[in-house]
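Please look through the structure below with an eye to two topics, the pairing of charged side chains and the packing of a helix. The paragraphs that follow take these topics in turn.

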Amino acid sequence: MLSFISFSQPTDANHYGSTRHHPDVEHDSLMDLDDDLGGSRLTCPGEFITSSQTFMRGHGTYVDQDEVIASVAGTIERVNKLVTVRAIRSRYNPEVGDLVVGRITEVQPRRWKVDAHSRQDAILMLSSVNLPGGVQRRKLESDELQMRNFFEEGDLLVAEVQAFFSDGAMSLHTRSLKYGKLRNGQLIIVPPILVRRLKSHFISLPCGVDLILGLNGYIWVSKHVKDIDQGEQGLDAEAVYSNKNDDIDDATRMAISRVSNIIRVLADYFVPLTDMLLLEAYEWVIEQEGDTKDILQEDMSDALVAAISARA
Amino acid sequence: MSSLSKAEKSYIQSSLLSKPPLRADGRALYDFRAVALETGVAPLANGSARINIGRNAHDGGGGTEILAAVKLEVETVADGEGVDGGRVVGTVSCSPAAYPHLPSGALDDLQHDLTSVLHDTVSYLEKKSWLLNLDVIVLSDDGNVCDALFMAARAALWDTKVPRTRSVEYQAKKAGNNAEGNRDIEMDEEGKSGFDTRITKKVTDFELPDYWDEGEILDGRNIWPICVTLNLLPPVFFLDAALQEESSIPLRLHLMFSLPPSEKPRLQTFRLLGPSGVDVPLIKSLIKEGEVHARSIWTALDAKLKDEDIRRNQKARDRFLHR
């Protein structure tokens, strides 16, 4: 029922002894960037990268006494003379065309503010949503008055990044039947860097579970719905902005929990998520016949990650 | 992440009410997430503990993390500050990093709320002979703060060592009195001065015979209460709600139990939070069931604390050997 564990202790008393150096003692070779371009090199904050005489500093670096120094932990990237460090853990950096999952934080005149795990709240204009029933017309004043019927505070939605405002905030749109309000499931949050760009971010697993992998690290795990692309006209007009869940049977609920736990474990071990990987992980978990909550146990999750990386 | 959409709320609620009940991460209703605990984390405090509920097993991120520390302070009873017999002051502060969505005013309210719960519950006991500052910091919140708060507080108080004291009395010579037998050994060796204007002829103070790390454990170590939160979604309830579950239920019942092994169980405080209501017979049965769960938390926590004591003694011995 209730189990206590310990915080992990450094196992070795001389844990740091072998790796600690004074910066001056460290091997003195000036980093030859051309050598390292093939493989990605990791930096620590404060690590010397190269001389500022020959290179320009980009994001994630600063210059101190003619040296370009990393300010974040991440991978070094170089474009001609520009050196940047891409942070491993950061907020989501939006790009136009990205699929994101967000949560409404505020309703404002003719627009919604959306939390999308970015540095600023995203904005969803009233003019960039579909009206229920798919009618195409200009938005009227009466639509403005009933904005909360479309989305209200706390609602989750899937959308696409449409453009950027001058201050860098992203503008979203949901003008496709694939996009819109989310229901019938639960949200998992992972570091954004773990979601790779895929052919499709709408994944449906054979266990009756749909996944929406938002590039901002928000992942929606829900019950499988009939393919929307097939019968566009047959879609229930009111269902787009509905707050009511469908009937979900216990097996599906179980599967949703299981998939969520798998994603949590993979994120915990910092494994980038792809559709194939999730599918294999799910099959592995089914083979083990364990309880859903056991996936989060350390030995089980160790085994899961080991099995996945062996297959990949 | 305080607000959830209606669809999410109803998904969580209907999962809980289904047969058998399901939770987001597959736990049963009365299961806790793994609780990590360590005592003696703050070297300058008299007792301290760190607790984390539901952290990731691998990289150690996430979860509700709480740090509790006990600092003893000496007070003078005469100037109105101190109370004879000692007092306990509990304070909870919430790190803004734990609640990035809350404005500072709301954070203050939350701090005040948690402080009043903790303070009112622990200071009732009055077992101390010092001013005992119990400071608790909420470093991150992933649900079930209240239970974690009391576990951390109990662990820190369990860990607290009170320095042994010996009272000392200084006595000035009475002018013109040569009676040798009356003198204290540590008497002020002042010459007879005609200008001695001190009114008090007697000064009392104390000294610490011990070196700093030693001391006695706090009296009444066994009676510090723990909290068990029953998250009610009639007709069921569940324990250790995650943040999302917490915001989708109508009612919460905090029960603070003190369960010393030899005495009768004591219900120190209980409070009911949320917009809806419950009737008295239900509360009675909930308290009964809560006691059962509280007891299992209590036993597990005690066992863990004893383990920690052993581990730290072992560590100290090792360090001494390798010196």
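**Charged pairs and a packed helix**

In this predicted model, B:Glu245 and B:Arg23 form a salt bridge in which the closest N and O atoms are 3.1 Å apart. Because B:Glu245 lies in helix α4 (residues 243-246) of chain B, whereas B:Arg23 lies in the loop between α1 (6-17) and β1 (35-39) of chain B, the pair ties together parts that are 222 residues apart in sequence. Both B:Glu245 and B:Arg23 are buried. Through salt bridges that share partners, these two residues are joined with B:Asp25, B:Arg27, B:Arg33, B:Asp142 and B:Asp240 into one network. Side chains of opposite charge can pair when their charged atoms come close, and over all chains the structure holds 26 salt bridges.

Chain A offers further examples, one of them a salt bridge between A:Arg197 and A:Glu95, with an N to O distance of 3.7 Å. This pair, too, links distant parts of the chain, since A:Arg197 sits in the loop between β15 (185-189) and β16 (202-205) of chain A and A:Glu95 in the loop between β8 (82-87) and β9 (99-108) of chain A, 102 residues apart. A:Glu95 is partly exposed, its relative accessible area being 44%. Another salt bridge in chain A joins A:Arg86 to A:Glu77, with the closest N and O atoms 3.5 Å apart. With a relative accessible area of 47%, A:Arg86 counts as partly exposed, and A:Glu77, at 35% relative accessibility, is likewise partly exposed.

The second topic is a helix of chain A. Helix α6 (residues 298-311) of chain A has 14 residues and, at 1.5 Å a residue, should span 20 Å, which agrees with the 20 Å that separates its end C-alpha atoms. Which residues of α6(A) are buried? They are A:Met300, A:Ser301, A:Leu304, A:Val305, A:Ala307 and A:Ile308. Seen down the axis of α6(A), these buried residues fall within an arc of 160°, so they line one face of the helix. The spacing of such positions follows from helix geometry: an α-helix has 3.6 residues a turn, so residues three or four places apart point the same way. The buried residues of α6(A) pack against α4 (250-268) and α5 (275-288) of chain A, while on the other side of α6(A) the residues A:Asp299 and A:Ala310 are exposed.

Terms used: Residues numbered from 1 in each chain as written. Chains lettered and ligands numbered in written order. Predicted model: local features only at pLDDT ≥ 70, side-chain atom pairs only at ≥ 80, totals over all residues. Heavy atoms only, no water. Helix = DSSP H or I, 4+ residues; strand = E, 2+ residues; numbered from the N terminus. Expected span 1.5 Å × (residues − 1). Buried < 20%, exposed > 50% of the residue type's maximum accessible area, 1.4 Å probe, protein only. Arc of directions from axis to C-beta. Contact = heavy atoms within 4.5 Å. Salt bridge = Lys/Arg side-chain N within 4 Å of Asp/Glu carboxyl O.
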